[in-house]
Amino acid sequence: MNAEGVPSPRSREWDAKYNGRWGLSTIRNILLNPVFAGNTVWNRRTQAKFHKVSVKGVVERRRHAARTTEPNPREDWILTPNTHEPLVSRSVFDAAQDLRLKRHAEGNHAKHPRGRGYYSNYLLSGLIRCDDCGHSIRATP
């Protein structure tokens, strides 16, 4: 898109620190978000104070999560397909999802230097969770 001169969402008009070029994270987010494939999605995350919606029905939130935004598992999303004209074709969107799942299954993840659970260089990092707050216990360099 940079080569074709397609304007990015953020340019110098947005803020002086932006150069108007497309970044990998922006493209990644477009290819991961079902809204860009023409679907309306509800319940991707919750900010509810006491309860949240899940496939199990309404469930109580953990006490420590009451003031935070949490992503909901994909199975809890409520998706209505084909509600608007897509920006990304269904075939491209589905191919991106398939490729992402394949890379995940093969263990080809980026290694984050922050040592965060699943992406950590430490083998056992992120496998133990606090019963009270739900945070994973992880090693850091």
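G57 is partly exposed, with a relative accessible area of 28%, where partly exposed denotes the range between buried (under 20% relative accessible area) and exposed (over 50%), evaluated with a 1.4 Å probe on protein chains only. This glycine, G57, belongs to strand β4, which covers residues 57-60, and its C-alpha atom lies 9.5 Å from that of D76, a residue 19 positions away in sequence. The structure is a predicted model, in which local features require a pLDDT of at least 70 and side-chain atom pairs are counted only at pLDDT 80 or more, whereas totals for chains, interfaces and linings draw on all residues. Residue numbers start from 1 along each chain as its sequence is written, and side-chain values rest on heavy atoms, with hydrogens and water left out.

The secondary structure of the protein consists of two helices and eight strands, taken as DSSP runs numbered from the N terminus, with helices being H or I runs of at least four residues and strands E runs of at least two. Read from the N terminus, these elements follow the order α-β-β-β-β-β-β-α-β-β. Of the 141 residues in the protein, 23% are buried, and the accessible surface comes to about 10900 Å², with 55% of it belonging to carbon and sulfur atoms; these areas were calculated by the Shrake-Rupley method with a 1.4 Å probe, and for residues only the protein chains shown count as cover. Among contacts (heavy atoms within 4.5 Å) in the protein with a separation of 6 or more, 44% are accounted for by residues 24 or more positions apart.

The mean pLDDT of the protein is 78, and 78% of its residues reach 70 or more, pLDDT being the predictor's confidence in each residue on a scale from 0 to 100. By element, confidence is highest in strand β1 (residues 40-42), with a mean of 92, and lowest in strand β8 (residues 136-137), with a mean of 70. Over residues 111-117 pLDDT stays under 50, and the model has 15 contacts beyond four places in sequence for this stretch. Where pLDDT is low, the predicted coordinates should not be read in detail.

Helix α1 and helix α2 (residues 90-106) pack at an angle of about 105°, and their axes are 9 Å apart; the axes are lines fitted to C-alpha atoms, for helices over the stretch in contact, and the angles run from 0 to 180 degrees between N-to-C directions. The two helices α1 and α2 are therefore roughly perpendicular, a class that spans 65 to 115 degrees, as against roughly parallel under 35, roughly antiparallel over 145 and oblique for the rest. The contact involves R28, I30, L31 and L32 on the side of α1, and V92, F93, A96, Q97 and R100 on the side of α2. The residues of this contact comprise six nonpolar, one polar and two charged, with Ala, Val, Leu, Ile, Met, Phe, Trp, Tyr, Cys and Pro counted as nonpolar, Asp, Glu, Lys and Arg as charged, and the others, Gly among them, as polar.

The segment before α1 (24-32) contains N2, which is partly exposed at 27% relative accessibility. With residues up to four places away in sequence not counted, N2 touches R21 and W22, and the C-alpha atoms of N2 and G20, 18 residues apart along the chain, are separated by 8.8 Å. S11 is also placed in the segment before α1; under the same sequence limit of four places, S11 touches Y18 and G20, and the C-alpha atoms of S11 and R21, 10 residues apart in sequence, are 7.4 Å apart.

Most residues other than glycine have a negative phi. N43, however, has a positive phi of about 75° although it is not a glycine; this residue, N43, lies in the loop between β1 and β2 (45-46) and is buried, with a relative accessible area of 8%. A positive phi, near 55°, is also found for N82, which is located in the loop between β6 (78-80) and α2 and counts as exposed at 61% relative accessibility.
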